Amino acid sequence: MSGINRRDVLLGGALLAGAGGAAALVPRGRLVLMPKGHELEAIVPKKLGGWTYVPTPGIVMPRTEGTLSAKLYGDVLSRVYVSESRLPVILVMAYGPVQNDLLQLHRPEVCYTAVGFQVSGTTSARLPLAAGVELPIRELVAESERRIETITYWTRVGDDLPTNGTEQRVAKLKQQWAGYIADGILVRLSCAVPPEPGVRDQLAEFARELVKAVPAVDLPALVGRPLAAQLA
């Protein structure tokens with residue numbers, strides 16, 4: 001074979017296959033579910049069910065210092081909602097226009113630990129939004145010497161709703177294989193109390209009020225198109 005042996009042929013084939021796989025992972029499109037010109041401040045009402053927004057400082061934000069955070073989150077909303085008959089709820093929403101290997105949503109397990117909290121009780125769950133419609137969520141407790149928070153949150157990456165870091169990476173890889181990069185959002189709800197009976201129920205009620213109150217055109221940005229279609 002003029003100096004070309006079987007090993008050379010096999011090696012060359014493997015290299016070509018690898019190059020083809022790498023080319024397949026190069027995104028050629030974008031999936032953006034946040035309507036152009038829409039901002040979290042405008043689409044999230046200041047009254048949600050029995051809760052009303054009141055300006056309050058000192059919310060733990062899902063971001064770190066530096067230019068990476070500015071690139072990661074194109075829009076951030078942080079509010080405290082109070083009620084006469086229910087616990088106050090801290091709402092934090094962080095929207096990222098690009099989710100790739102360098103820029104991806106920071107999950108609360110990482111963010112709270114980074115600012116000195118101890119995280120425990122981390123588990124995935126499903127939150128009923130309507131008959132037969134459930135939202136994949138994650139629950140945890142974050143505690144420091146001065147504060148404790150019972151937290152419920154979800155993340156959307158494209159149309160996927162990953163509940164942990166592994167699922168988030170798999171979602172991005174799947175989207176890359178499909179040829180596009182998606183946007184994403186983190187929605188975090190918390191009460192500044194221990195996880196006593198009834199606290200999770202109130203967070204679930206707040207989540208349902210939030211999803212119900214957001215305009216239909218903006219709902220895919222919060223929960224993805226398939227789940228939004230089920231709620232339509």
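This report describes the sheet, one helix and three residues of a predicted model of a protein chain.

## Overall composition

The protein chain contains 8 helices and 10 strands, and of its 232 residues 43% count as buried. Its exposed surface comes to about 11900 Å², of which carbon and sulfur atoms supply 57%. When contacts are restricted to residues at least 6 apart in sequence, 70% of them join residues at least 24 apart.

## The sheet and its edges

An open sheet is formed by 8 strands, which follow the order 2-3-4-5-10-8-7-6 with antiparallel pairing. Its edges are strand 2 (47–48) and strand 6 (118–130), each of which pairs on one side only.

Helix 6 (residues 199–213) packs on this sheet, where it touches strand 2, strand 3 (51–54), strand 4 (75–82), strand 5 (89–96), strand 6, strand 7, strand 8 and strand 10 (184–191). The direction of helix 6 makes about 35 degrees with that of strand 8.

## Pairing from strand 2 to strand 5

Beginning at the edge formed by strand 2, the antiparallel pairing of strand 2 with strand 3 extends over 2 bridges, and in one of the bridge pairs Leu 48 is matched with Trp 51 of strand 3. The hairpin of these two strands has 2 residues between them, and within this hairpin Gly 49 takes a positive phi near 60 degrees.

Strand 3 also pairs with strand 4, again in the antiparallel sense and over 3 bridges; the bridge partners in strand 4 include Val 82 for Thr 52 and Tyr 81 for Tyr 53. Strand 4 is in turn joined to strand 5 by 7 bridges, with the two strands running antiparallel, and Ser 78 has Val 92 of strand 5 as its bridge partner. A hairpin of 6 residues makes the connection between strand 4 and strand 5.

## Strands 7 and 8, and Ile 148

Strand 7 (residues 133–143) and strand 8 (residues 148–157) run antiparallel and are joined by 6 bridges. One of the bridge pairs consists of Glu 143 and Ile 148, the latter being in strand 8.

Setting aside residues up to four places away in sequence, Ile 148 touches its bridge partner Glu 143, together with Val 141, Ala 142, Cys 191, Ala 192, Val 193, Pro 194 and Pro 195. The C-alpha atoms of Ile 148 and Val 119 are separated by 9.8 Å, although these residues lie 29 residues apart along the chain.

## Thr 150 in strand 8

Is Thr 150, a residue of strand 8, buried or exposed? With a relative accessible area of 0%, Thr 150 is buried, because the criterion for a buried residue is a value under 20%. A polar atom of the Thr 150 side chain lies 2.7 Å from the backbone oxygen of Val 193.

Apart from residues up to four places away in sequence, Thr 150 touches Leu 140, Leu 189, Ser 190, Cys 191, Val 193, Pro 194, Pro 195, Val 199, Arg 200 and Leu 203. Among these contacts, Val 199 and Leu 203 also belong to the buried residues of helix 6.

## Helix 6

The length of helix 6 can be checked against the rise expected per residue: at 1.5 Å a residue, its 15 residues should span 21 Å, and the end C-alpha atoms are indeed 21 Å apart, which agrees.

The buried residues of helix 6 are Val 199, Gln 202, Leu 203, Ala 204, Phe 206, Ala 207, Glu 209, Leu 210 and Val 211. An α-helix has 3.6 residues a turn, so residues three or four places apart point the same way. The buried set includes Val 199, Gln 202, Phe 206 and Leu 210, as well as the polar residue Glu 209.

## Gly 158 after strand 8

Gly 158 is located in the loop between strand 8 and helix 5 (165–177), and its relative accessibility of 0% means that Gly 158 counts as buried. Leaving aside neighbours within four places in sequence, the residues in contact with Gly 158 are Leu 31, Leu 33, Gln 175, Ala 182, Asp 183 and Gly 224.

Gly 158 and Val 223 are 65 residues apart in sequence, while their C-alpha atoms are 9.2 Å apart in space.

Technical notes: Residues are numbered from 1 along each chain as its sequence is written. This is a predicted model: local features need pLDDT of at least 70, side-chain atom pairs count only at pLDDT 80 or more; totals for chains, interfaces and linings use all residues. Side-chain values use heavy atoms; hydrogens and water are left out. Two strands pair if DSSP finds at least two bridges between them. Contact means heavy atoms within 4.5 Å. Axes are lines fitted to C-alpha atoms, for helices over the stretch in contact, and angles run from 0 to 180 degrees between N-to-C directions. The expected span of a helix is 1.5 Å times one less than its number of residues. Buried means under 20% relative accessible area, exposed over 50%, partly exposed in between (1.4 Å probe, protein chains only). A polar contact is a pair of N or O atoms within 3.5 Å; within protein, one must be able to donate a hydrogen and the other to accept it, and residues adjacent in sequence count only if both atoms are side-chain atoms. Accessible areas come from the Shrake-Rupley method with a 1.4 Å probe; for residues, only the protein chains shown count as cover.
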